[in-house]
Amino acid sequence: MRTQVAIIGAGPSGLLLGQLLSRAGIDNLVIERQSPDYVLGRIRAGVLEQVCVDLLDEAGVGERMHREGLVHGGFDMLFKGKRHRIDMFTLTGGKNVMVYGQTEVTRDLMNARMAAGQPIVYNAANVSVHDFDTTHPVVRYETDGAVGKVPHELACDFIAGCDGFHGVCRASVPAQSITEYEKVYPFGWLGILADVPPVSHELIYANTERGFALCSMRSATRSRYYVQCDLGDKVEQWSDDAFWAELRSRLDPQAGEQLVTGPSIEKSIAPLRSFVAEPMRFGRMFLAGDAAHIVPPTGAKGLNLAATDVKYLSSALIEHYREHSAAGIDNYSERCLRRIWKAERFSWWFTSLMHRFPDTGGFGQKVQEAELDYLVHSQAASRALAENYVGLPLNFGD
Ligand code: RFL
Ligand code: PHB
């Protein structure tokens with residue numbers, strides 16, 4: 001079997017890359033370890049930057065997003081029991097974000113791929129990548145046959161490692177060829193999804209003495225809420241009632257009163273981590289998205305960074321096939337990392353400002369509140385927050 005680009009992972013990175021390459025006439029095969037239902041069952045990101053929205057349009061999958069997604073021009077910062085609005089739209093000269101779930105982005109990409117008759121191999125076992133330091137990389141994997149596992153060998157020009165943080169691609173790079181930077185945070189996020197109307201029409205980011213809380217949404221009738229929890233907490237320990245009580249205790253009195261509760265349809269705990277692997281290209285294998293970097297979700301940057309990696313990678317591969325130029329490929333890693341480290345910085349900063357750390361104490365809490373007070377009352381500081389939140393332009397700093 002042969003293809004031009006073997007894509008490992010059918011999350012948003014892999015599917016978006018496949019879509020952009022297919023539209024440019026570049027043959028590709030997506031190989032995924034899990035089933036489609038498993039991939040669609042993961043509730044993750046909810047906020048898309050304009051750059052990401054534009055890219056989904058370019059990929060021809062933006063129609064439902066524009067119909068069903070919610071355009072937000074601001075969000076609230078809540079501290080010391082009061083909410084303050086950050087007017088992103090005005091502060092950034094007219095930029096918004098789109099609230100549209102990652103599950104829906106993935107579904108739209110899956111449907112587009114199916115409609116175009118392009119294959120995805122789901123439930124692939126023992127996926128392994130080989131010879132990416134030569135001009136003839138190979139991917140091996142197994143699928144289920146009538147009488148046991150069927151081995152496959154896929155020859156390709158390039159391998160795209162879009163297989164997330166726990167994937168096989170980054171793990172296959174010799175240790176001396178890769179540098180990893182990591183910071184693990186001493187708390188997690190307990191998140192629930194519920195079919196109740198959102199407490200407010202925009203997102204609320206809350207700093208409280210009991211810890212961080214976030215009120216987000218998926219639609220006018222579906223809410224997504226998070227509270228900072230202990231790393232050792234288990235989902236089973238948190239009844240729906242306990243979650244709602246904790247969330248309410250972290251909101252201002254008005255929001256607390258307006259909060260509509262109901263049974264959760266999903267509940268999970270996510271650990272928080274900052275992580276970057278450098279470089280992102282190893283001969284003829286590239287890493288993109290969570291395979292190369294993780295941000296804590298506070299800044300809503302993970303999926304957006306994945307999308308911009310894919311933009312740079314698809315442009316580089318298109319340039320390779322159309323113009324026989326290696327410039328894009330050679331620049332890929334540096335170009336991505338420049339953007340990634342800015343988002344890493346922003347996500348780390350926003351996480352540090354909004355959460356209660358083991359050593360926060362009375363002094364730390366007061367300092368956070370002073371910074372928040374400055375942030376919402378200084379135009380310069382509010383603008384810096386808004387500019388980073390809506391996402392820096394693709395050509396920032398060029
Ligand atoms: P994914 O989504 O992890 O997909 C990788 C895919 O690869 C498959 N895979 C393999 N396939 C074949 N062989 C193997 N050996 C394989 N190993 C793994 C996996 O099964 C999977 O299907 O990575 P991708 O595509 O790079 O996408 C990244 C995003 O999923 C992630 O960055 C975001 O979800 C992060 N994130 C957010 N990002 C935002 O931009 N805005 C947000 O508001 C936002 N909120 C969040 C988030 C992440 C969260 N969690 C749970 C980590 C909120 C949360 C709570
Ligand atoms: C979400 O809706 O899941 C969400 C929104 C904003 C974030 C993180 C997660 O910063």
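The legends below describe close-up views of a predicted model.

**View 1. The shell of residues around ligand 2.** Ligand 2 is surrounded by 14 residues, of which Tyr205, Ser216, Arg218, Tyr226 and Pro297 come nearest. By type, the shell consists of eight nonpolar, three polar and three charged residues.

**View 2. Polar contacts of ligand 2.** The side chain of Tyr205 places a polar atom 2.8 Å from an oxygen atom of ligand 2. Arg218 also takes part through its side chain, with an N or O atom 2.8 Å from an oxygen atom of the ligand. Pro297 contributes through its backbone, where an N or O atom lies 2.8 Å from an oxygen atom of ligand 2. On its own, ligand 2 has 280 Å² of accessible area, and the protein covers 97% of that area.

**View 3. Strands and domains that supply the shell around ligand 2.** Strands β15 (213–219) and β16 (222–229) each provide at least two residues of the shell. The largest share, three residues, comes from β15. Ligand 2 lies between domain 1 (5–71 + 98–182 + 273–353) and domain 2 (185–272 + 359–390), because both give residues to its shell.

**View 4. Arg107 and its surroundings.** Arg107 is part of helix α6, which spans residues 102–115. The relative accessible area of Arg107 is 33%, so this residue counts as partly exposed, a class that falls between buried, under 20%, and exposed, over 50%. Leaving aside residues up to four places away in sequence, Arg107 touches Leu40 and Arg64. Val61 is 46 residues from Arg107 in sequence, and the two C-alpha atoms are 9.8 Å apart in space.

Terms used: Residues are numbered from 1 along each chain as its sequence is written. Chains are lettered from A and ligands numbered from 1 in the order in which they are written. This is a predicted model: local features need pLDDT of at least 70, side-chain atom pairs count only at pLDDT 80 or more; totals for chains, interfaces and linings use all residues. Side-chain values use heavy atoms; hydrogens and water are left out. A residue is near a molecule or strand if one of its heavy atoms lies within 4 Å of it. A polar contact is a pair of N or O atoms within 3.5 Å; within protein, one must be able to donate a hydrogen and the other to accept it, and residues adjacent in sequence count only if both atoms are side-chain atoms. Accessible areas come from the Shrake-Rupley method with a 1.4 Å probe; for residues, only the protein chains shown count as cover. Helices (H or I, at least four residues) and strands (E, at least two) are DSSP runs, numbered from the N terminus. Ala, Val, Leu, Ile, Met, Phe, Trp, Tyr, Cys and Pro count as nonpolar, Asp, Glu, Lys and Arg as charged, and the others, Gly among them, as polar. Domain bounds come from an automatic or database domain assignment. Buried means under 20% relative accessible area, exposed over 50%, partly exposed in between (1.4 Å probe, protein chains only). Contact means heavy atoms within 4.5 Å.
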